[in-house]
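Student: Before we discuss this chain, could you show me the model, and then take me through the reasoning behind the labels that are attached to its residues?

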Amino acid sequence: MAKYPAKQPLVSIADTLAKMGKLAERLRGIPQHLQQLAQIETDLKSRTAAYSALKTNLENLEKKSTGNLFTRTLSDIVSKEDFVLDSEYLITLLVIVPKLIAEDNEGGLFTVTLFRKVIDDFKTKAKENK
């Protein structure tokens, strides 16, 4: 069957062609709209990533200031006087002992003064005897 049958009136064929021309004009604008849509999507993705990074940083900061002894900063709990400094043979380590005298609900913080040569042994045995 022919695209434009000979028996169809000329006015009808002209209307069909006019409608097709209007449709073609509309379709020409679609690539520009698709580019705008892609740019919006890219902006949304970058802003979402930035928001997620900021949220993670905020959560980490809150965890450092209000978390348990394993995660929070200890600068407000311990001072320079709690440590043996400038000793060739002694060193002070901080130890968190779960469910003992507690700074928070999960454990207490103790200082341990050791000979430098036994630090690795101490750490190993402390991990074994949690």
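Tutor: Let us begin with a cut-off: a residue is called exposed when its relative accessible area is over 50%, buried when that value is under 20%, and partly exposed in between. Please keep in mind throughout that this is a predicted model.

Student: What makes Lys 45 exposed?

Tutor: Lys 45 has a relative accessible area of 56%, and exposed means over 50%, so Lys 45 is counted as exposed.

Student: Why is Glu 41 called partly exposed?

Tutor: The relative accessibility of Glu 41 is 44%, and since buried requires a value under 20% and exposed a value over 50%, Glu 41 belongs to the partly exposed class.

Student: How do you know that Lys 45 and Glu 41 form a salt bridge?

Tutor: The criterion asks for a side-chain nitrogen of Lys or Arg within 4 Å of a carboxyl oxygen of Asp or Glu. The closest N and O atoms of Lys 45 and Glu 41 are 3.8 Å apart, and the pair is accordingly listed as a salt bridge. A search of the whole structure finds one salt bridge.

Student: Why are Lys 45 and Glu 41 separated by about one helical turn?

Tutor: Both residues lie in helix H2 and are four residues apart, which is why the separation is about one helical turn. As for confidence, H2 has the highest mean pLDDT in the protein chain, at 86, whereas S2 has the lowest, at 69.

Student: What makes Leu 34 exposed, and which surface patch does this residue belong to?

Tutor: Leu 34, whose place is in helix H2, has a relative accessibility of 52%, and because exposed means over 50%, Leu 34 meets that condition. Leu 34 forms a nonpolar patch on the surface with Leu 23, Leu 27, Ile 30 and Leu 37, and together these residues have about 470 Å² of accessible area. Helix H1 (10–28) and helix H2 (30–66) each supply at least two residues of the nonpolar patch, with H2 giving the most, namely three.

Student: Which residues make up the largest nonpolar core, and what makes them a core?

Tutor: A nonpolar core requires buried nonpolar residues joined through side-chain atoms within 4.5 Å. The largest such core has six residues, which are Ile 91, Leu 93, Val 95, Val 112, Leu 114 and Ile 119. Strand S1 (90–98) and strand S2 (107–115) each supply at least two residues of this core, and S1 gives the most, with three. Leaving aside residues up to four places away in sequence, Leu 114 touches Tyr 89, Leu 90, Ile 91, Leu 93 and Phe 122.

Student: What is unusual about the phi of Asp 86, and why is Asp 86 called exposed?

Tutor: Most residues other than glycine have a negative phi. The phi of Asp 86, however, is near 55 degrees, which is a positive value in a residue other than glycine. Asp 86 is placed in the loop between H2 and S1, and because its relative accessibility of 85% is set against a cut-off of over 50%, Asp 86 counts as exposed.

Student: Where is Lys 117 found, and what makes Lys 117 exposed?

Tutor: Lys 117 is found in the loop between S2 and helix H3 (119–128), and its relative accessible area of 75% satisfies the condition of over 50%, so Lys 117 is exposed. Measuring from C-alpha to C-alpha, Lys 117 and Leu 90 are 8.9 Å apart in space, although 27 residues apart in sequence.

Student: How many helices and strands does the protein chain have, and in what order do they run?

Tutor: The protein chain has three helices and two strands, and from the N terminus on its elements run α-α-β-β-α. Buried residues make up 14% of the 130 residues.

Terms used: Residues numbered from 1 in each chain as written. Predicted model: local features only at pLDDT ≥ 70, side-chain atom pairs only at ≥ 80, totals over all residues. Heavy atoms only, no water. Patch = residues over 30% accessible without salt bridge, like charges linked within 9 Å, V, L, I, M, F, W, Y side chains within 5 Å. Areas by Shrake-Rupley, 256 points an atom, 1.4 Å probe, with all protein chains shown as cover. Buried < 20%, exposed > 50% of the residue type's maximum accessible area, 1.4 Å probe, protein only. Contact = heavy atoms within 4.5 Å. pLDDT = per-residue confidence, 0-100.
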